[in-house]
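Trainee: I'd like a close look at one part of this model. Can you walk me through it slowly, cut-offs included?

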Amino acid sequence: MSPNFAGKVAVITGGTSGIGLATAEAFLEGGVERVYVTGRTATTLNAALAVLGDRAVGVVSDAGTLDGLEKLKAEIDRREDRIDILFANAGIAENNILGETDEAFFAKTFDINVKGVFFTVQTLLPLITDKGAIVLNASIVGNKGMANLSVYNASKAAVRSFARSFATDLKARGIRVNAVSPGATVTPIMQNGLKIDDEQMKEFEAYVASAAPAGRMAQPPEIAAAVLFLASPQASYINGVELSVDGGLAQV
């Protein structure tokens with residue numbers, strides 16, 4: 001049975017491309033009353049809104065800054081809205097080499113991936129309905145030691161930890177908090193963040209095809225389906241978990 005989100009309001013940070021955009025589309029297909037999506041530029045945000053339609057509200061907001069998050073909260077407040085579902089999705093992935101990584105790189109990754117997630121939840125918490133659902137976007141790298149990604153790996157391990165802690169912290173309000181951990185997924189972050197060129201992409205796809213039991217990389221709608229499940233009444237007794245959506249890659 002497909003989740004029914006009729007009458008619900010969802011918020012997705014980093015909702016202009018990849019997993020965020022696919023999840024916004026899926027929530028709209030699932031009947032949400034409204035979905036808020038954030039992006040760092042008006043250009044990318046407007047392109048996403050053209051795809052999502054008139055039940056989507058776009059907010060130019062950098063989820064890695066407190067000012068950006070307050071701007072998002074203010075817009076939701078202005079519309080006298082509430083939040084039934086929060087998908088803290090905004091994040092970056094960039095390679096780093098141990099021995100050559102500077103403080104600015106470290107700070108940038110943790111500001112967006114760790115501080116951003118924590119303060120997204122804390123800032124928007126007054127607007128989240130009791131018995132609402134929060135999903136954090138982690139990654140299977142949080143449980144693996146992937147080369148030249150130590151800072152990114154650690155940032156996603158922190159997100160996984162937040163899901164455990166937040167679930168306990170929000171027990172009294174009945175708000176469930178879970179993490180979705182995608183595996184290798186075909187998104188713009190591959191080219192824009194990890195700087196993988198076409199030839200490297202073919203090699204990586206071949207590696208995943210050989211290593212993952214599923215035999216291929218994921219597409220963003222497949223990750224979105226997991227987010228919708230965790231946010232739905234069908235997952236009403238699932239709390240504080242990490243759901244790996246990786247074709248089995250982390251298990252082998």
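Where does the largest share of the lining of the second largest pocket come from, and how many residues is that?

Mentor: From strand 5, which puts in 4 residues. Quick caveats: this is a predicted model, so local features need pLDDT of at least 70 and side-chain atom pairs pLDDT 80 or more, while totals for chains, interfaces and linings use all residues. Numbering runs from 1 along each chain as its sequence is written, and side-chain values use heavy atoms, without hydrogens or water.

Back to the pocket (an open set of 1 Å grid points with protein on both sides within 12 Å along at least five of seven lines; lining residues have an atom within 4 Å of a point). The second largest one holds about 200 Å³ of space, a volume filled by probe spheres set on the points, which are joined across faces, edges and corners. Its lining has 13 residues, and K8, K131, G132, R176 and A231 sit closest to the centre. Strand 4 (83-88) and strand 5 (128-137) are the elements that give two or more residues to that lining; strands are DSSP E runs of at least two residues, helices H or I runs of at least four, numbered from the N terminus.

Just before strand 4, the loop after helix 3 (66-78) carries D81, while R34 belongs to strand 2 (residues 34-39), 47 residues apart. Their side chains meet in a salt bridge at 2.6 Å, N to O (Lys or Arg side-chain nitrogen within 4 Å of an Asp or Glu carboxyl oxygen). The structure holds 12 of these.

There's also 1 cavity of 30 Å³ or more (points where a 1.4 Å probe fits but cannot get out). About 30 Å³ of space lies in the largest cavity; helix 4 (residues 103-124) gives the most to its lining, 4 residues. The lining residues include T13, A63, A88 and N89.
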